[in-house]
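Visitor: Please pick one strand and take me right up close to it. After that, step back bit by bit so I can see what it belongs to.

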Amino acid sequence: MAMSRINSSWRNGRQVLALGGAMAVGAFALLQASAVAAPAPVTAPTIPGAPALFGPVVDAGKPSDTMGTLKTTPDVAPAGTKVTISGTGLGASAAVSLVWMTANVRYILDAKPDSVDYLGRKVDKIGVALANATTDASGAFKVTFTAPKDFGGLHDIFAVVNGVQVAKGGYLLERTVKISPTKGPVGTPITVTVVGMGSPTYESVGSVLYDNKYAGAVSANTTRGWTTFTIRASGKVGEHFISYEGSSHTVPYLNMEQSPVPWTGAHMLKFKITRDAGAPKPSMEWPVAVQPTMSERTTVLSTNVAPSSTATAKLDSTTGPILSKVNVTAAGLTPNVPAALQWTSVVGNRVNCTGTCWNFVNQQLGSGTVGADGTLKTSVTIPDGLGGWHAVQVVQNGQIKAQVPYYVKRSFVSIPKTVKAGQPFIVEIKGVGWTQIDNTVAVTYDNSYIGYACGFNSNGYVRIQLTATGDPGTHLIDLYPLLYTQQPAYPYSQLGMVPLLGFAHDAPGLAAGYDLPAYRLAITVVK
Amino acid sequence: MKRLMLVIGLAITACAILVPSLASAADPPKKLDVMLYVDTVNGSRPVGAKPRPVGCTQTNVYVRGEQQVFRVWGSVAGSGDILSTENVAYAYVTVPGTPNLKLNWGSHGSATNKVYFWTAAWILPADYPLGEATAKVVFKTEDGSFGTYEYKFTVVPQLKTAAKKSTTVKSR
């Protein structure tokens, strides 16, 4: 199997490329591909179940020097509450626009030719038309509205007349947290639904304590404060306490009551374990299906293709686990000339990364002779290697004529069913990637976060050695997506290095097409 | 007095930094007549809320029912004279939806550590709008010098403090 290798050192955030190996085509492509966009907020994908912005974005006007106040009743309540808002002294027969202040939140990603970095969030404050009113002869008005499904926390409400904020009110959209079911055997999936996560930094992260053990973090940035996620019931028969805590970045902010945002304090929930029905079978929970909003994919940029090429290529499937069989059809190639199919990937790691950290590699998948009509039909096997975004490239005459992105999904390999207490055991998975979005999994044992495992240096194969602990019976091991916020590290990148419990509905990678699952595993501990 | 001068010095520095950022690109440079330092502290006599464990501490977040005390130090830009009843024609604070608050000059602190500055206090009503509010401090001197300072603060509700055992809401 032929393989070309291009040494691409990663120094001080800039790529330095040096060609090695037999095929120059890869190096040419990568040099061109290095001209990519700077880190930028990414348009949030449409997430099923998440509320849309409830009204049109409008100009919130400019503050008056003689700002009055509005009366809002109630002004501390959840979304969906009927609310009355009124004002006085605004001038007779004035047309009043009520503007609800809120925000749009997007993740910031840096799509590079050989990776994707996660840089945090971008919050843009906006005003949304809430209602209109006309004052009476005394300058008063009163209208009712339904508190919108929006980010939680404080929302200023302005009465705007002729572009001027003449009076202000406010509404605290309360956070609600519910679980379902509330009882069941060990391993029962517990669905937690949260409405009213905030948009400001210190209101935008929740974290979960299960019997005072840290399970992970939750966000709802691209879902307008709404999310739903699953944890599993662990522990002995009896009552267990799930605390949904306010947080700022990853772990609970335990005295939120003393913070400037006290309404993000903990919500205590209770689950009763009824029995131990044995270890559930291994399963994988995938995020919701969304349409990615980023056109750029890791190592898959249109600039890799020879500018003169008009060839096209198609795969009968563009996503799957390692070793998937994929049919390739290409057209518009030079007739009667051999063509090769190659796989793009990288080799390296981020550990102690100060010099050369990873290299681009191309792996030949197959070859054939193009027909007289310029078409090529063949099949390839997806390599057993790194997961994430790659490309199948059609190479002819030393040039990339066409390419198609392919996403390698994570897969499960093994976990033992029964382990003696105190003995080690191995969890194996494959298809782990290398970007800051997908190079690592976070591991919890009975809902307690115990560490992470990286798949970059081991080429997508992750072998985690754990120790069986606890009383005889069922114990749960969950592997969650994790945002690797090291090497390189960026300031203010929340949610890094901990289990992303809310991965299924709100995660930076969704916009870039990263389909990252949770693994739901279990063992039976015996004496 | 040494402490007061230090505070004023810091205030002047703060104002010097702050003022350019307040001006929009289209605004012409403005002459500074008066330098102001403004902060607020939680008053020790709230009417509709529990007193905080420590009174008179600086904060910009207020629970409804608490007492907000504006504190102002200032000087005349040209002469460096301290703003006091000796040279101030009027001084007040505007707060949305509330009659203007008159600033009073007086001494504060223990008998051995008296400090003079301007103050104005008010109680946030139980139904005062939640969210961010902007107060405006206004000074005019006897010789016509004029100065203002915008001060933002946040109004939050009184929240229950007990955790709920149910599977729904409530802050603990």
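Guide: What follows starts at one strand and works outwards.

First, some housekeeping: residues count from 1 along each chain as its sequence is written, chains are lettered from A and ligands numbered from 1 in the order in which they are written. This is a predicted model, so to speak of a local feature takes a pLDDT of at least 70 and side-chain atom pairs count only at pLDDT 80 or more, while totals for chains, interfaces and linings use all residues.

Our strand is β34 of chain A, residues 440–445. Strands here are DSSP runs (E, at least two residues), helices are H or I runs of at least four, and both are numbered from the N terminus. Six of the six residues in β34(A) are buried, so the strand is largely enclosed by the rest of the structure. Buried means that 20 or more other C-beta atoms lie within 10 Å of a residue's own; exposed means 12 or fewer, partly exposed is in between, and C-beta atoms are placed from the backbone. Look at the two faces of β34(A): T440(A), A442(A) and T444(A) sit on one side, V441(A), V443(A) and Y445(A) sit on the other, and both sets are buried.

Now for the company it keeps. β34(A) runs antiparallel to β35 of chain A (residues 448–454), and six bridges join them. Two strands count as paired if DSSP finds at least two bridges between them. Across that pairing, V443(A) faces G451(A) in β35(A). The two strands make a hairpin with two residues between them, and there D446(A) takes a positive phi near 50°. β34(A) also pairs with β37 of chain A (residues 473–481), again in the antiparallel sense, over five bridges. There, Y445(A) has I477(A) of β37(A) as its bridge partner.

I477(A) is worth a pause. Beyond neighbours within four places in sequence, I477(A) is in contact with V443(A) and Y445(A) of our strand, and with I415(A), V427(A), L466(A), L521(A), A522(A) and I523(A). Contact here means C-beta atoms, placed from the backbone, within 7 Å. Which residues touch the most other members of the largest nonpolar core? I477(A) is one and V72(B) the other, out of 139 residues in that core. A nonpolar core is a set of buried Ala, Val, Leu, Ile, Met, Phe, Trp, Tyr and Cys residues joined through C-beta atoms within 7 Å. Strand β9 of chain A (residues 95–111) gives this core the most, with ten residues. Another core lies apart from it, with 25 residues, V300(A), L341(A), V392(A) and V394(A) among them.

Stepping back, chain A has one helix and 38 strands. Its C-alpha trace spans about 85 × 65 × 40 Å along the principal axes. Of its 527 residues, 50% are buried. Among contacts in chain A with a separation of 6 or more, 74% join residues 24 or more positions apart.

Then there's the partner. Chain B comes to one helix and nine strands, with 31% of its 172 residues buried. One part of it is an open antiparallel sheet of four strands in the order β1-β3-β7-β6. In chain B, β1 (34–42) and β6 (104–108) stand at the edges with a single partner strand each, so one side of each has no neighbour in the sheet. Nine bridges pair β1(B) with β3 of chain B (residues 67–76), antiparallel, and V41(B) stands opposite V69(B) there.

Where the chains meet, chain A puts in 33 residues and chain B 24. On chain A's side, β13(A) gives the most, with five residues.

How sure is the predictor? The model scores ipTM 0.81 and pTM 0.87. Chain B has a mean pLDDT (confidence per residue, from 0 to 100) of 81, and 74% of its residues reach 70 or more. Residues 1–24 of chain B fall below 50, as do residues 162–172 of chain B.

Notes:
Contact = placed C-beta atoms within 7 Å. pLDDT = per-residue confidence, 0-100.
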